[in-house]
Amino acid sequence: MIVRTAALTKRYGSFAALDGCSLDVPAGEIFGLLGPNGAGKTTLLRTLLGYLTPTSGTGTVAGYDCRRESLEIRARTSYLPGEARLFRRMNGHGVLDFFARLRRECRRDAAARVADRLGLDCSRQVGRMSTGMRQKLALAAVLATEVPLVILDEPTANLDPTARGVVLDLVREARAAGRTVMFSSHVLSEVEETCDRVAIMRAGKIAHEQSIDDLRRGHRIHAELRAPFPGVPAEFTGRLAALPRGDRGVVLETDEPLAPLLGWLATLPLAEVRVEPVGLQAVYDRFHRPESPR
Amino acid sequence: MSMPHDVDAGGRQAGAAGGRFWNGAVWWKTWGDQKVLLLSLAALWGAFPWLYIWLSAQIEMPAFQNVLLEVIPKNWQKLSGVPFSEVATYAGRVALAFVDPVVVLAATVWGITRGSDAVSGPLDRGTLEMLLAAPVRRSAVFLTQAAATTAAAALLVGVLLASVWSVVSLGPWAGRVEPVRFVPAVLNVFGLMVCMAGISACVSAADSHRWRTVGIMCGFYVAAILAKLVGRLSGPLGWVGYLSVLNAYEPQRLVGGGPEAWSLLARYDGILLGIGLLAYAAGAVIFSRRDLPAPL
């Protein structure tokens, strides 16, 4: 595991911004961190990087302790903050030169290539750049840094759809180069499209963790029957959840392959049937709908 | 993209472009940040002694002595810190330039402006987040900025000294007084700059908003002026003056020449530089240990 936290907690007085957060991130994966504003995503990332001292619990990155060895952690990490603010008086080239001088893992030529792919004009002064352009500039510096772990806090916020696509491609390329990418986002579709594994945070805790492969295996079957639903056969018990919808309707959810179910489905008195993947949105809604249990 | 070998080698300093106390990138960035203020103050201090002495020379010495020794009440002497008879000399009149607001306020503005930009400035602007994402020690960021600020202050007092030296050698009072007499006074200005910058940097290290750091330092400066005045003017409350760092800023007492001036300078600058350096050290510790809030 490249990132490991155990009961990591950060309190501000009586308020727990991070509340006993336990998480493992395997090396070489793209790991998505989801949750609404205030769920604790940024606090988790900033605590791991040493901006904040944890109140209790432990957190390690590449085996280094976030409380005592943040310098070693940062030497192995490249981090894009949620709102990347850069030096307003410098131009884009100056900013990239600065980061290349600041840390030797930041490759100036690679940064120029990333900026080019994102369509960024580096000759412009940062103070005259739009929010999206500044985000691209920060991404160029961060993604050109060759370290084992890349942490991106909402990397595609403020970007146009084309640039979003390029960023997601760059994230996949980073994984292909053997790096681990941890990123938080509110755009579920891009997380589902890019990540290998996701964790959903709620009120400072990890509420749910799942691999995207498992998620893709999950299906939801909406069925309208001409007769009452006869119930789930014993052979599928525990692998198939049935949620009644009215007198003749039922929603079946499964994380198992669909093929064995199809024979049984054909025996049901179906008036109408619709099969759809469960999707990240549905999983997310389980934890973040207003009526979801706290 | 390949992984840099020094990252996986387990070296404790892997990736860090600098050590515990120093960072080259931060050094050059700080010079860029302070360039405009540095050049402005250099222009001001380059021109001011010439202008001041040219204007002062418009009043002949006998007339000046008459006003100072006959017209102004004797008990006002307490405010000057030196006897009026010493002020009513060519050296004394040049020394007044060092207590003129143009010099004192510029030295203070330099200290507060640069010191407040140590931590709360970039924290407020949000630029500290990306900087500290790199494997750079906080102490190195803080102390490198301190070194650049101090080096620039040395350059500024160099400009001030060069200007004073040239006007005393070539100006309207050429040959009346030796320019070397003003070196201790100029070094006292340097002491004030380092002291104010150090205290401002220490406050900045604990703060999150630059406007608040500047406000606190302005309050501190006004309090220091008031304490010095109360200490000077009130017999029973004379001890209050010792609470003011400005009590160690007395350039007009340092132009007498000889070993006395240097020993007095050692005392004054010992206090000012000592406080400044202690404040920098405390600021480095505070900054290294504190939580840094996310940019708003």
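**Note on the internal cavities**

1. In this predicted model, the second largest cavity is lined by A:Phe87 together with B:Val26, B:Lys29, B:Thr30, B:Asp33, B:Asp117, B:Pro122, B:Arg125, B:Thr127, B:Leu128, B:Leu131 and B:Gln145. The space in this cavity comes to about 90 Å³.

2. As to the elements behind that lining, α2 (24-56), α8 (120-125) and α9 of chain B supply at least two residues each. The most comes from α2(B), with 4 residues. Chain A enters the lining through A:Phe87.

3. The class make-up of the second largest cavity's lining is 5 nonpolar, 3 polar and 4 charged residues. Among the residues listed there are B:Lys29, B:Asp33, B:Asp117 and B:Arg125.

4. The largest cavity holds about 110 Å³ of space. From chain A, its lining takes A:Ser78, A:Tyr79, A:Phe99, A:Arg103, A:Cys106, A:Ala141, A:Val142 and A:Thr145. From chain B, it takes B:Met130, B:Ala133 and B:Ala134. The elements giving two or more residues to this lining are β6 (77-80) and α5 (131-143) of chain A, and α9 (127-133) of chain B.

5. By class, the lining of the largest cavity consists of 8 nonpolar residues, 2 polar and 1 charged. A:Arg103 is one of the lining residues.

6. α9 of chain B recurs: this helix gives two or more residues to the lining of the largest cavity and at least two to that of the second largest. In total, the structure holds 5 cavities of 30 Å³ or more.

Technical notes:
Residues are numbered from 1 along each chain as its sequence is written. Chains are lettered from A and ligands numbered from 1 in the order in which they are written. This is a predicted model: local features need pLDDT of at least 70, side-chain atom pairs count only at pLDDT 80 or more; totals for chains, interfaces and linings use all residues. Side-chain values use heavy atoms; hydrogens and water are left out. On a 1 Å grid over the protein atoms alone, a cavity is a set of points where a 1.4 Å probe fits but cannot get out, and a pocket is an open set with protein on both sides within 12 Å along at least five of seven lines; lining residues have an atom within 4 Å of a point. Grid points are joined across faces, edges and corners, and a volume is the space filled by probe spheres set on the points. Ala, Val, Leu, Ile, Met, Phe, Trp, Tyr, Cys and Pro count as nonpolar, Asp, Glu, Lys and Arg as charged, and the others, Gly among them, as polar.
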